[in-house]
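Please look through the model below before reading on. The text after it goes from the whole chain to single residues.

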Amino acid sequence: MDYQSERLQRLHKAAMRIVENVGMKFHHPKAVEILKANGIRCEGNVAYFTEEQLMYWVHKAPFSFTLYGGDKKYDCDLGGKEVNPAPPYGAPYITEPNGEKRAATAEDYVDLIKLFEANEDYKMNGGPIVAIDGVDPRLGALAMWYATYTHSEKVMMIHTGDQEVVGALIRAAEVAWGGREALREKPRMFTIVDVNSPMQFGVTMTETLIALAEAGQAFTVANCSMAGSTSPVTLAGTVSLIIAENLPVIALAQMVRPGTPVLIGSQSCTADMASGQIAGGSPEGALCYKYVANLSDHYGLPSRGGGAISDSKIVDPQSAYESMITLMACYENDMNLIIHAAGILDGYNAVSYEKVLQDFEILNYVKRYVREFDINEETLAFEEIEEVGHSGEYLTSEHTFEWCRKEPMAPRVTTRGVVADPVHQFQKRLDAYKERLLERYEKPEIDPEKLGKIKDIFEEAGLSRAWMDMVDGL
């Protein structure tokens with residue numbers, strides 16, 4: 001056994017000790033009922049798994065699966081070496097360039113949808129990119145689903161909710177995509193179900209899990225342990241806890257419906273030992289992503305991790321270097337799904353347009369780096385080197401003309417060369433890039449009959465029809 005395999009095995013064994021001796025607390029009685037019915041020892045609402053029991057159920061989850069977009073060019077494979085970036089999830093505020101926070105309007109939400117829709121690096125869109133002001137938080141999942149469905153053809157990320165809300169989302173999806181069996185055959189939606197560290201799984205998350213599993217839709221388990229605060233300060237302890245919190249939830253989903261598409265995931269990092277605050281953009285967070293991605297292969301599961309995470313309050317050098325290390329860790333370790341792959345500031349408290357655009361460029365850089373380069377007779381260019389010799393140049397050669405748009409990455413906002421106003425140049429380029437993306441965006445055509453039925457479902461669940469009509473015009 002090589003060094004890295006031995007490390008992964010030790011982390012796995014530590015996780016198995018936790019699930020067998022500490023157990024997982026399930027707050028929803030239905031979850032406890034399902035676990036007991038499948039032979040899991042429960043004391044009150046704490047479930048204790050043997051390794052054999054846990055792996056039996058975990059191995060029923062698929063090693064890979066496909067999520068389907070409104071346009072087939074956005075169909076998204078999750079598993080193996082596939083890496084898929086996705087928008088941010090769960091921020092309550094928008095941050096302005098000067099650092100001031102404000103509530104997000106419906107127009108903000110739709111504009112963010114448009115930016116991700118216009119960027120071809122992303123095959124996923126929607127979900128709680130940012131909370132929408134003026135919408136009852138309980139109904140936020142319905143509002144976000146509706147705005148995404150009417151403005152995107154990519155795979156849909158959704159928000160969680162109670163049984164009634166998630167039920168309405170599924171009924172709307174059945175209308176949109178051809179009924180329950182068609183939805184199971186081609187899953188269209190995914191979300192995050194959060195674990196509460198240490199070792200707890202809540203009521204709302206359970207209801208979301210059961211509803212999505214029964215409908216054949218996908219989700220990723222996620223904990224956001226903070227080493228030194230809600231998990232051990234040592235990363236070995238934190239990573240073993242991540243696994244111990246993930247696998248029982250994955251097992252529960254397979255008990256509800258074997259074959260439910262699910263990802264093992266982590267948003268964990270460290271706590272800042274000076275303040276106690278989350279350190280999402282830390283190198284320790286990047287290491288957590290690395291080890292969860294590597295352990296996912298051990299369990300035969302697709303993986304999900306962090307993204308372009310920063311604790312900075314504005315777009316500045318800190319927001320760039322933190323986002324680079326966390327995004328790079330995910331790409332280098334073949335993290336199959338990368339939520340928060342653009343936009344996050346202030347430890348998940350906010351998104352900003354500028355950060356989204358900066359991270360689009362960081363993603364551009366990272367993808368170029370991991371793409372490597374081809375080595376063959378044409379790319380070695382010996383004839384070119386021989387012809388140029390000692391006194392020529394390559395700028396005007398046929399070889400350069402052939403490869404100049406294929407080999408070097410084309411920057412989108414990066415400043416190079418001489419500029420007249422270096423202090424403000426970056427912001428100007430961000431603004432221009434945003435305009436280009438919004439001009440490129442094309443709104444999908446929606447069947448009016450389907451849209452009317454969806455409005456009926458959401459209105460019955462409590463979402464204002466007038467609000468949906470307003471979103472139609474954005």
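What share of the 474 residues in the protein chain do buried residues make up? The model is a predicted one, and in it buried residues account for 55% of the 474. Buried here stands for a relative accessible area under 20%.

The overall build comes next. The protein chain holds 18 helices and 21 strands. Its radius of gyration is 23 Å, close to the 23 Å that the globule rule gives for 474 residues, so the chain is as compact as a globular protein of that length. Measured out along the principal axes, the C-alpha trace spans about 80 × 60 × 45 Å. Among contacts in the chain with a separation of 6 or more, 74% are between residues 24 or more positions apart.

The surface can be described by area and by charge. About 20,500 Å² of the protein chain is exposed, and carbon and sulfur atoms supply 51% of that area. The chain carries 45 positive and 68 negative charges, and the mean positions of these two sets are 4 Å apart.

The interior is the next topic. In soluble globular proteins, nonpolar side chains tend to be buried together. In this chain the largest nonpolar core has 127 residues. The members that touch the most other members are Phe26, Phe49, Trp145, Phe201, Leu247, Phe360 and Phe458. Helix H9, residues 235-256, gives the most to this core, with 12 residues. A second core of 16 residues is separate from it, and includes Cys76, Ala222, Leu337 and Ile339.

Which residues does phenylalanine 201 contact, leaving aside its neighbours within four places in sequence? One group of partners consists of Met24, Lys25, Phe26 and His27. Another consists of Val193, Asp194 and Val195. The remaining partners are Thr206, Leu209, Val249 and Leu252. Of these, Phe26 is also on the list of core residues that touch the most other members.

Threonine 206 can be followed from there. This residue lies in helix H8, residues 203-215. Is threonine 206 buried or exposed? Threonine 206 has a relative accessible area of 0%, and the cut-off for buried is under 20%, so threonine 206 is buried. With neighbours within four places in sequence left aside, threonine 206 is in contact with His28, Ala31 and Phe201.

Alanine 182 has another setting. It is placed in helix H7, residues 180-185, and is partly exposed, with a relative accessible area of 29%. The C-alpha atom of alanine 182 is separated by 10.0 Å from that of alanine 215, although the two are 33 residues apart along the chain.

Some backbone details remain. Most residues other than glycine have a negative phi, and most peptide bonds are trans. The peptide bond from serine 197 to proline 198 is cis, with omega near 5°. Proline 198 is in the loop between strand S11 (189-195) and strand S12 (200-201).

Tyrosine 348 has a positive phi, near 80°. Its place is the loop between strand S20 (344-345) and strand S21 (350-351). The relative accessibility of tyrosine 348 is 13%, so this residue counts as buried. Alanine 381 likewise has a positive phi, near 55°, and is found in the loop between helix H13 (377-380) and helix H14 (382-388). Alanine 381 counts as buried because its relative accessibility is 12%, under the 20% limit.

How values were computed:
Residues are numbered from 1 along each chain as its sequence is written. This is a predicted model: local features need pLDDT of at least 70, side-chain atom pairs count only at pLDDT 80 or more; totals for chains, interfaces and linings use all residues. Side-chain values use heavy atoms; hydrogens and water are left out. Helices (H or I, at least four residues) and strands (E, at least two) are DSSP runs, numbered from the N terminus. The radius of gyration is taken over C-alpha atoms; the globule rule is 2.2 Å times the number of residues to the power 0.38. Buried means under 20% relative accessible area, exposed over 50%, partly exposed in between (1.4 Å probe, protein chains only). Contact means heavy atoms within 4.5 Å. Accessible areas come from the Shrake-Rupley method with a 1.4 Å probe; for residues, only the protein chains shown count as cover. Lys and Arg count as positive and Asp and Glu as negative; His and the chain ends are not counted. The place of a charge is taken as NZ of Lys, CZ of Arg, CG of Asp or CD of Glu. A nonpolar core is a set of buried Ala, Val, Leu, Ile, Met, Phe, Trp, Tyr and Cys residues joined through side-chain atoms within 4.5 Å.
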